[in-house]
Amino acid sequence: MEGKTTRISPADIDRQREFCDKIQEAWAARPSQPLAYVDTYGCQQNEADSERIRGYLTAMGCGFTDDEKAADVIVINTCAIREHAEDRVFGNVGALVHAKRAHPGQIICLCGCMAQEPRVAEKLRQSYRHVDLVFGPHALWKFPELLYRVVSRRGRVFETTDEAGSIAEGIPLSRQDGVKAWVSIMYGCNNFCTYCIVPYVRGRERSRLPEDVLAEIRALVEEGYKDITLLGQNVNSYGKDLGLDMDFADLLEKIEAIPGDFLIRFMTSHPKDASQKLFEVMGKSRKIAPVFHLPVQAGNDRVLKAMNRVYTREEYLDKVRRLREQVPDIVLTSDIIVGFPGETTPEFEDTLSLIEEVRFDALFTFIFSPREGTPAASMEDPMPMEEKKANFQRLVDAQNAISAEKHAAYIGRRLRCLVDGVGEEMGYPLVARTPGNRLVRLENGEECLVGSFREVEITGANTWSLTGRLV
Ligand code: 5AD
Ligand code: SF4
């Protein structure tokens, strides 16, 4: 898997567009426009990949549907991060047997991180014979070519080889939203946290060239996008592989210099790479949103070491202090794993004390899930699930209390919020986001305000969200 980044040539992407044309021709005799259904699991990176899949499908002449039975092509973009995510995919893919029986010409594709796991590919090959095409994240750029093989030969295609990571520019993109956009700046991960499957399925870190990232963002701002999130498994190590003397903080400064009224966000950051320089750039910035997702995973040094996180509790707390020095009103969020193999309840209590000390605005909490092939999957794991669940609940309760207190402190404040959608609850016609990305349900306002920054007075709060009024 190790190796130099391959940059897919523009000619190769042009060839993929030719395959889109060929598929369109093959489908031209159909009585109606072919319809595609794209179902996405997991993280924002997968959402971004699905935008490319939809871009390619659009180039093939497809329309879209949310009804799997009506679809001529189904693409399931999967997540492998925890067993639960995989079980859901297997359940839903299994159920597609019925959709396909009702619609024999239907093509079912499975892609994303699960497809890159040899065990999963084998299971699909043997037991899910209604799945026609399986391809991993490394092969996404050649989706049209793979689909054409299915369309023209009606045989099953598996493209799950573990190639060295590549970067492809120029894949057509169909974005779902007109206000918020996700821009991948790098792919893969080098960190090999002992519980995590990502480095095995997404390959080594590789950065897009800064000129490509900047051109994409410039175009988005010109199109009117207001909220741009830079994506990568570890955005803080952006550029290390490029040899250009340019790091993530430098990239942010260049993005900041793009004219226009827009917000810049990013995720995810590994604490070891979150630098003082980055905090200072954020402190000076007018466009970088004051929000930082900084996964800590655990608050006990022995557990952090066993996770291969390569920082101590004290080093983490020090980063948080330095970040808050530069950006005092920073909204901090984090990820935590409860029940890592060998974690005792007193060690878990160090995580509890850490969250009380940091007082995160919100947490994403997970119970450890063994992933085959990772070191943690074969570690001794004596704690009964009941005890893990009890610890998990203590963590959730503690964080809910903190989140509710932090949200209550917003009441009465006036903030410049981005109105980013229509409300789905009675009495709240619009929804907005604070600069720190807290959800605000707005009590007033018209749909035409979506996509604009507005002054909002916060009128109410609960654990998960705020309510407010346009001023
Ligand atoms: N079990 C539980 N949680 C995990 N995560 C990653 N791998 C696992 C696993 N095997 C969590 C981490 C990571 C987030 C995206 O998912 O907290 O930051
Ligand atoms: Fe997984 Fe660790 Fe890489 Fe995050 S930094 S993707 S948790 S290996």
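**Exercise 1. Find which strands supply at least two residues each of the shell around ligand 1, and describe that shell.**

Solution. Strands β15 (331–338) and β16 (362–367) each supply at least two residues of the shell; strands are DSSP runs of E of at least two residues, helices are runs of H or I of at least four, and both are numbered from the N terminus. The model is predicted, so local features need pLDDT of at least 70 and side-chain atom pairs pLDDT 80 or more, while totals for chains, interfaces and linings use all residues. Residues are numbered from 1 along each chain as its sequence is written, chains are lettered from A and ligands numbered from 1 in the order written, and side-chain values use heavy atoms, without hydrogens and water.

Next, list the shell, in which a residue has a heavy atom within 4 Å of the ligand: I81, R82, Y195, Q297, D335, I337, F366, I367, F368, S369 and R371.

Then sort these residues into six nonpolar, two polar and three charged. Ala, Val, Leu, Ile, Met, Phe, Trp, Tyr, Cys and Pro count as nonpolar, Asp, Glu, Lys and Arg as charged, and the others, Gly among them, as polar.

**Exercise 2. Give the distances from ligand 1 to polar atoms of Q297, D335 and S369.**

Solution. Start with the oxygen atoms of the ligand. One lies 2.7 Å from an N or O atom in the side chain of Q297, and an oxygen atom is 2.6 Å from a polar side-chain atom of D335. For S369, a polar backbone atom is 2.8 Å from a nitrogen atom of the ligand. Taken alone, ligand 1 exposes 400 Å², of which the protein buries 87%; the areas come from the Shrake-Rupley method with a 1.4 Å probe.

**Exercise 3. Are the residues of strand β9 buried or exposed?**

Solution. Five of the five residues of β9 (residues 180–184) are buried, meaning under 20% relative accessible area (exposed is over 50%, partly exposed in between; 1.4 Å probe, protein chains only). K180, W182 and S184 point one way, A181 and V183 the other. β9 pairs with β12 (residues 227–231) in the parallel sense over five bridges; pairing needs at least two DSSP bridges. S184 stands opposite L231 in β12.

**Exercise 4. Why is C111 not bonded to C109?**

Solution. A disulfide is a pair of cysteine sulfur atoms within 2.5 Å. The sulfur of C111 is 7.6 Å from that of C109, its closest cysteine sulfur, so the two are too far apart for a bond. C111 is buried, at 1% relative accessibility.

Notes
Polar contact = N/O pair within 3.5 Å; in protein donor to acceptor, adjacent residues only side chain to side chain.
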